There are 2 protein chains.
Amino acid sequence: MQLDERKTKILQAIIRNYLETGEPVGSRTISKYTDLNLSSATIRNEMADLEEMGYILQPHTSAGRIPSDMGYRFYVDAMMAEKEREVDEMKEMLVERQDKMETLLKQVVKVLAQNTQYATMISAPSTHRNKLKFIQLSRVDASHILAVIVIEGNVIKNNILEVNEELSDETLLKLNILLNTNLNGLSIEEINLGMIATMKQQAGIHSDIVSEVIDAVAQSIKADEDLEIYTSGTNNIFRYPELADQQRASELINTFEEKQQLTGLVQETLLDENSTGIQVYIGNETPVQSMKDCSVVTATYELGEGMKGTIGIIGPKRMDYDKVIRTLRNLQNQLDELYKEEDK
Amino acid sequence: MQLDERKTKILQAIIRNYLETGEPVGSRTISKYTDLNLSSATIRNEMADLEEMGYILQPHTSAGRIPSDMGYRFYVDAMMAEKEREVDEMKEMLVERQDKMETLLKQVVKVLAQNTQYATMISAPSTHRNKLKFIQLSRVDASHILAVIVIEGNVIKNNILEVNEELSDETLLKLNILLNTNLNGLSIEEINLGMIATMKQQAGIHSDIVSEVIDAVAQSIKADEDLEIYTSGTNNIFRYPELADQQRASELINTFEEKQQLTGLVQETLLDENSTGIQVYIGNETPVQSMKDCSVVTATYELGEGMKGTIGIIGPKRMDYDKVIRTLRNLQNQLDELYKEEDK
DNA sequence: GTTAGCACTCAATCAAGGAGAGTGCTAACA
DNA sequence: TGTTAGCACTCTCCTTGATTGAGTGCTAAC
């Protein structure tokens, strides 16, 4: 059987109606809702076909129909193919320029949650393709030195190292110069064993510290990478009865609190990236188990080359895909601009 | 009317039973549960008295009794007065020594939630009585310098400052020495205007930067102070039917996500501190509106003098007060030890 | 191919009727 | 005088059955 034009229209009408109401939609409703001028009986026949084809389903024998995951998928694909809509609203909402990445991300995710009324998340831009801007070792007290690592985009990491011997000021200065001249401007991947060997040699008796620092650099970047995720609007799930029962709500809330459960989503997103950077996961398509009754829309954002992060919106399957996608596009642009400004 | 010994025993029996079951408890249950050897009829008479006195109440005419807020209060006060119980379990759970305060706090709050099966929160120790350990300015690029501020307890704050003119290495070095010699070992309050004036004078043409740095120090410490709160186990509220309905759950979860709503709790706790540092808020006693159907147990912890933070456990009114308080005492001790170790 | 009509199904709602838990009160007992 | 047994009463909860209404599938007519 084929999805002819009439079937498509009916399917879309069903989905759109369901998105609004959250209730199963019957043949009579469609008969009046669309401008097809068909009787409910005809619609019923078509609906039976659509059900057989797997686009819609009945919660129980004498209820209306609701979209299946496959139905949503069809709807979303059709919509994504449409040309982009104009973007304007929400333009000013974002903030003055922010030094602190963390504050910026928290603000973004909050605004987004308020705007969409769904639960939202954002991952800090991954740094591992990024260039080291600056390293600084300082003595904190007799047995500890502080390593401050600044990465392009002004992301700052701190690390306290324990040392056995007390280091003199000159030694520290030397080490600082050594580290900076050798490593600045390099990405994490570009630091290879050969370089490390050379540096250790140059460091003489303090070669231990060199390797400790490099370990720290690698480690501290890796460590946070999969954890820096901010969320907002978790309690929006209670707006949607189909997600609000205790079992589901509890699991979802747990996922949002234990943020490392969200890393799967981030990874998946960065993996199967498409041209727009926007993806839609419906129901079981999502990589996070607890969201199997939700839809998830993700967008990749870029803060200069290589600095990619993920934004996610989590809501019911009957999410307002249109609005969500528009909002995310918009946000992508804004973040892009923000970066350019900062760079000036 | 007076609370004689028998009434007290009956009241405690009622509360204890209710803590376990969460169901209203009837006279027959108490008649068998206690070793008083009284018939249910006698218990009924006493219960009528207790109700009149306000310690218990009936959800509806022919249900058993449940404790009122006042009843809980009586129970908790009586319990707190008892001598401390022995502490042992959970001893090893805490961690190897942690450099990063943040990681430590996150771990603590998580372990606590798993242990108690309630929702938990912890506030980072307030720093404003604390001593500056170390300041370091570094040039990041032509127009930005990075100020790293380390405070006793190895709390690290970063701050990027914009400068108009490019600063030479020598200038930076001079400024670093100036700042450190003048400010190290001082608490935020001890930095007064006279000192700042002297420093500015010594800094000559770079006096702008001195004030900017000091501003940054003050600001960055203040800024985080009321926001660094970590939570865990939010979804534990679903274990308790009396908290799990949508309205309440949604509000609570929102409170836990918008952590600044919890600052009220922290402030309150630090304010009406008692000798043990442990407080119990029952129902409407809690300073956070959304928790009016919960009980909140808070503990003040100290990481060296002046570094005080708050731990909170939020659960239903029929919380296992005994266990919670024991656990918190335990934790206080452990954190205390941890600090001493770190100081060595 | 479309539509009207009818029989059928099922969830949701409501009222009625018990069952069960628990109470208050009274009268008897030690 | 304090305690207890017993009984009538109250109220929630659960079950049951009837009703309603939305929606369907099928068939026959247009």
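This is a short talk on how chain A and chain B meet in this model. Keep in mind that the model is predicted.

Let's start with the contact itself. Chain B brings 35 residues, and chain A brings 35 residues. Between them, the two chains bury about 3100 Å². Carbon and sulfur atoms account for 52% of that area. Now look at Ile160(B), Phe238(B) and Glu257(B). These residues supply 18% of the area that chain B buries against chain A. No other three residues give more.

Next, the polar side. The rule finds two salt bridges across the interface of chain B and chain A. One of them joins Glu258(B) to Lys110(A). Their closest N and O atoms are 3.1 Å apart. There are also 12 residue pairs in polar contact across this interface, with both residues at pLDDT 80 or more.

Which elements of chain B touch chain A? Four strands and one helix each supply at least two residues: S4 (132–141), S5 (144–151), S6 (155–162), S7 (229–232) and helix H9 (246–257). S4(B) gives the most, with seven residues. As for residue types, this side of chain B has 11 nonpolar, 14 polar and 10 charged residues.

Last, the symmetry. How many degrees of rotation superpose chain B on chain A? The rotation is 180 degrees, with 0.0 Å of shift along its axis. The RMSD is 0.4 Å. So the two copies are related as by a two-fold rotation axis. The same surface serves both copies. In chain A, 100% of the contact residues of chain B recur.

Notes: Residues numbered from 1 in each chain as written. Chains lettered and ligands numbered in written order. Predicted model: local features only at pLDDT ≥ 70, side-chain atom pairs only at ≥ 80, totals over all residues. Heavy atoms only, no water. Contact = heavy atoms within 4.5 Å. Buried area = accessible area lost by both parts, 1.4 Å probe. Salt bridge = Lys/Arg side-chain N within 4 Å of Asp/Glu carboxyl O. Polar contact = N/O pair within 3.5 Å; in protein donor to acceptor, adjacent residues only side chain to side chain. Nonpolar A, V, L, I, M, F, W, Y, C, P; charged D, E, K, R; others polar. Least-squares fit on C-alpha atoms with pLDDT ≥ 70 in both.
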